[in-house]
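Trainee: Could you walk me through this model, one question at a time? I would like to see how you reason.

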Amino acid sequence: MTTTLTFTLCALGGYLLGSIPFGLVLTRMAGLGDLRKIGSGNIGATNVLRTGHKWLALLTVLLDASKAGLAALIALKTVTPEPYVFLNLMTNTAAMASLIAGTMGVIGHNFPVWLKFKGGKGVASAFGFIVFTNPQLGLIALFIWLVMAFTFKYSSLSALTAAALVPFFAYFMNDPVSSIFYTFTAILVILRHHANIMRLIKGEESKIKLKKN
C-alpha cells in the first residue's frame, strides 16, 4: 500500500469516526428530544449541560473526545513507522497518519456527514486528539481550560484560550510537526466560535452553570 493511500484511508476513517454525533444520540436516548432545538442548538457537551443533565454532558465530553483521539491511536498502531519528511521536517509515517486521522476526526465532529455537515465546535474532539497524540500537552491544555473556566466562567473563552496556546506549547516542546496540525485545529475551533467571540465582546455570552434551572 502506498503512503498516499495509507494517509487517505486514515483521513477517511478519522472523519467518519469523528462524524458520530454523540451529544445528539445520547440526548435522544434520554428522551430529551432534538438537542439542536435546545439552548445554542449545538450538539456538543456544553449544550448538553444546558439540559441540566450533568452526567449526560460528561459522557458526551468523554465520547466526543475519544473519537478523534481513538482515530489517531488506531492510525498510530496500524501504520508501519517509516521515515517521512513533512514540510522539511523529519517524522515517520505512523506519526503522520495519527495526526491526519486525529485532525480529520475533529473535522468530522464539526462537519458530520450524517447531519448535513452541521456539527459541533470541535473543542472536546480537539482536546482528545491532543491527549492521545501528546498526553503531556493534553494536561497543559486541560489546566489552561480549568484556570480560565474557574476565573471567568465562560466555556467558550476557556476553549479559545487553550486552543490558541496549544500550538505554541507543542512547538517549544520540540514537536513542530504536531504543532502544525494543532494550529489547524485551533484555527478551526476559533472560526467555529465566531458567534461566541462576538457575544464575549458584547458581554452577552452565557456563563457556565452547574445547577439545573
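Trainee: Which residues in α4 are met by Cys10, Gly14, Leu17 and Gly18 in α1?
Mentor: Some ground rules: this is a predicted model, where local features need pLDDT of at least 70 and side-chain atom pairs count only at pLDDT 80 or more, while totals for chains, interfaces and linings use all residues. Residues are numbered from 1 along each chain as its sequence is written, and side-chain values use heavy atoms, with hydrogens and water left out. Helices (DSSP runs of H or I, at least four residues) and strands (E, at least two) are numbered from the N terminus, and contact means heavy atoms within 4.5 Å. On that basis, the α1 residues you list meet Lys67, Leu70, Ala71 and Ala75.

Trainee: How many nonpolar, polar and charged residues does the contact of α1 with α4 have?
Mentor: Ala, Val, Leu, Ile, Met, Phe, Trp, Tyr, Cys and Pro count as nonpolar, Asp, Glu, Lys and Arg as charged, and the others, Gly among them, as polar. Sorted that way, this contact of α1 with α4 has five nonpolar, two polar and one charged.

Trainee: How are α1 and α4 oriented to each other?
Mentor: Two packed helices are described by the angle between their axes and the distance between the axes. Axes are lines fitted to C-alpha atoms, for helices over the stretch in contact, and angles run from 0 to 180 degrees between N-to-C directions. The axes of α1 and α4 come within 8 Å and cross at roughly 155°. Angles under 35 degrees count as roughly parallel, over 145 as roughly antiparallel, 65 to 115 as roughly perpendicular and the rest as oblique, so α1 and α4 are roughly antiparallel.

Trainee: What class of orientation does α6 have to α7?
Mentor: Helix α6 (residues 123-133) and helix α7 (residues 135-152) have axes 5 Å apart and pack at about 140°. That angle makes α6, relative to α7, oblique.

Trainee: Which residues of α7 meet Phe127, Ile130, Val131 and Thr133 in α6?
Mentor: The contact of α6 with α7 has seven nonpolar, two polar and no charged residues. On the α7 side, the residues that meet those four are Pro135, Leu137, Gly138, Ala141 and Leu142.

Trainee: Which element gives the most to the largest nonpolar core?
Mentor: A nonpolar core is a set of buried Ala, Val, Leu, Ile, Met, Phe, Trp, Tyr and Cys residues joined through side-chain atoms within 4.5 Å; buried means under 20% relative accessible area, exposed over 50%, partly exposed in between (1.4 Å probe, protein chains only). The largest one has 32 residues, and Met96, Phe129, Phe181 and Tyr182 have the most contacts inside it. Among the elements that give it two or more residues are α1 (3-18), α5 (93-110) and α9 (176-192). With eight residues, the element that gives the most is α5.

Trainee: Is Leu87 buried or exposed?
Mentor: Leu87 is found in the loop between β1 (83-86) and β2 (89-92). Leu87 has a positive phi of about 50° although it is not a glycine. Because its relative accessibility is 59%, Leu87 counts as exposed.

Trainee: How does Lys153 count by its relative accessibility?
Mentor: Lys153 is in the loop between α7 and α8, and has a positive phi of about 65° although it is not a glycine. Its relative accessibility is 37%, so Lys153 counts as partly exposed.
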